[in-house]
Each structure stands twice: as structure tokens, then as C-alpha cells.
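Biologist: I am new to this structure and would like to learn how to read it, one feature at a time. Could you take me through it slowly?

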Amino acid sequence: MTAHNIKPPGLLDRLGRRFPGGQFLRYLAVGIFNTVFGYCTYVFFFTLFSAIISSNHPSLLAPLASIVGTPLSITVAYFGYKFFVFKTRGNYFAEWLKCFGVYGVGMLPGLIALSGLTRLLQAFLLHHQLRLDHTAFLIASHLSDRPHAFVTHVAQASTLAGYLAGALVQGFTVIASFFGHKKITFAPKSIAQNSDSQMP
């Protein structure tokens, strides 16, 4: 076989070499769980604040729900990564703090994006409010009281915008944070010590 007939390794091959032992696949599996858990936490607080404060200002409620729910989501994510992905031993408190640091670096841009994205989606969905109302009516007509009220609540452009924006930001954060966890939070001690020694 000549050199020009050899195909370059595909994306999955490159990931497999860089993250041995199925580490990346385990990260994806744990990441999917963390995304669902984190998003459910976000939805819970967004819905709670919408009921307590007001659902008329989703661009303010979305960052607030994210701030309140983030510590719990990060802690659950930390244990998933530690025990099932990177499989490190000891250093619980130090790694937990590093995990918060990795997420914290991306938290401020995420909060800014969350507010702006919510406003953008709200403006877009307002143009389709009649269609949303019609769809909600068709779905809610087959539901009992509480599910009916929830579907009607979600079908409002201001509320739906907050839910969608949270899902998009949550998914991006999980993917982007992988490299931070690999290089910082759960890095082997030798690598972590080298990084510390190079700091001024």
C-alpha cells in the first residue's frame, strides 16, 4: 500500500488515541447525565422564580436560576467525573475546588450569553406566539390540571425562551469543560506539579 493511499485517521480514531480506555466515551455518558441533571435543576429554579417573582423578565430570571442551581450541578458532576471518567483517588476537596474553578472560568461568559440568548429567542418566539398557543391548546386538551397549567406556562414566548437558552448554554458548557477537567481538575499529580512550578 503506497503512502498516498493511506487515509488520515478519522475524528473518532484521533479521540480514541488522545483519550485511551474509553475515557472520552465515559465522559460523554456522564456528561449527558450531568446535562440532564443540570438542566432539570435550572428548569426547577427558573420555574420557581417565575412563579415567585414574575415570568415577564426571563432575561433576568435565567441567569438567577443558573447561579442558584450551579453549585449543586457542579458537585454532582464532580463525583461523576471522579468515579466514572478520570478515576482518581483521594484529593476530594482539592479536586472539588478545581472543578468549581474550571466551571467558574466559563460561568461568567455563560451567564452573559444566557441573558442575551434569552432575549434573542424571546424576540423570535414572540413572532410565533399564536402557533405556540395553538400547539399548547392541542397538547393541554388531553392533560389534567397541573400538566395542563405547565404546558400553558411553557408555551409563553418569554418562558420558553428561558428554557431553550438554558439548554443551549448547558450543553455547550459540558463539552467545553472536558479539557479543563482533564488538564486541571483531574490531572495526574506530576502534570499538576509541573504546572504549579511554572507559575510565577
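Modeller: Of the 200 residues in the chain, 36% count as buried. Please keep in mind throughout that this is a predicted model.

Biologist: What does the secondary structure of the chain come to?

Modeller: The chain has 8 helices and 0 strands, so that, read along the sequence, its pattern is α-α-α-α-α-α-α-α. As for contacts, among those with a separation of 6 or more, 73% join residues that lie 24 or more positions apart.

Biologist: How should I read the packing of two helices, and at what angle do α2 and α3 pack?

Modeller: Two packed helices are described by the angle between their axes together with the distance between those axes. Here helix α2, residues 23-52, packs with helix α3, residues 58-86, at an angle of about 150 degrees, and their axes are 7 Å apart. Angles over 145 degrees count as roughly antiparallel, and α2 and α3 are therefore roughly antiparallel to each other. The crossing in which α2 passes α3 is right-handed, and the contact of α2 with α3 has, by class, 21 nonpolar, 10 polar and 1 charged residues.

Biologist: Which residues does Ser73 touch, leaving aside those up to four places away in sequence?

Modeller: Ser73, which is found in helix α3, touches Phe37, Gly38 and Thr41 when residues up to four places away in sequence are not counted. With a relative accessibility of 14%, Ser73 counts as buried, because the cut-off for that class is under 20%.

Biologist: Which helices hold the two residues of the pair Lys82 and Glu95, and how close do their N and O atoms come?

Modeller: The general idea is that side chains of opposite charge can pair when their charged atoms come close. In this model Lys82 forms a salt bridge with Glu95, and the closest N and O atoms are 2.7 Å apart. The pair links distant parts of the chain, since Lys82 belongs to helix α3 and Glu95 to helix α4, residues 92-126, with their positions 13 residues apart in the numbering. Both Lys82 and Glu95 are buried, and the count of salt bridges comes to 1.

Biologist: Where is Lys87 placed, and is Lys87 buried or exposed?

Modeller: Lys87 lies in the loop between α3 and α4, and its relative accessibility of 53% means that Lys87 counts as exposed. Its backbone also deserves a look, for the phi of Lys87 is near 50 degrees, a positive value in a residue other than glycine.

Biologist: What is the phi of Asn91, and what is the relative accessible area of Asn91?

Modeller: Asn91 has a positive phi of about 55 degrees, although Asn91 is not a glycine. Asn91 is placed in the loop between α3 and α4, and with a relative accessible area of 38% it is partly exposed.

Biologist: To practise once more on a pair of helices, at what angle do α5 and α6 pack, and how far apart are their axes?

Modeller: Helix α5, residues 129-140, and helix α6, residues 145-154, pack at an angle of about 170 degrees, with their axes 9 Å apart, and that makes α5 roughly antiparallel to α6. On the side of α5 the contact is made by Ala136, Ile139 and Ala140, and on the side of α6 by His148, Val151 and Thr152. By class, the residues of this contact divide into 4 nonpolar, 2 polar and no charged.

Terms used. Residues numbered from 1 in each chain as written. Predicted model: local features only at pLDDT ≥ 70, side-chain atom pairs only at ≥ 80, totals over all residues. Heavy atoms only, no water. Axes fitted to C-alpha atoms, helices over the stretch in contact; angles between N-to-C directions. Helix = DSSP H or I, 4+ residues; strand = E, 2+ residues; numbered from the N terminus. Parallel < 35°, antiparallel > 145°, perpendicular 65-115°, else oblique. Left-handed = near helix turned anticlockwise from the far one by under 90°. Nonpolar A, V, L, I, M, F, W, Y, C, P; charged D, E, K, R; others polar. Salt bridge = Lys/Arg side-chain N within 4 Å of Asp/Glu carboxyl O. Buried < 20%, exposed > 50% of the residue type's maximum accessible area, 1.4 Å probe, protein only. Contact = heavy atoms within 4.5 Å.
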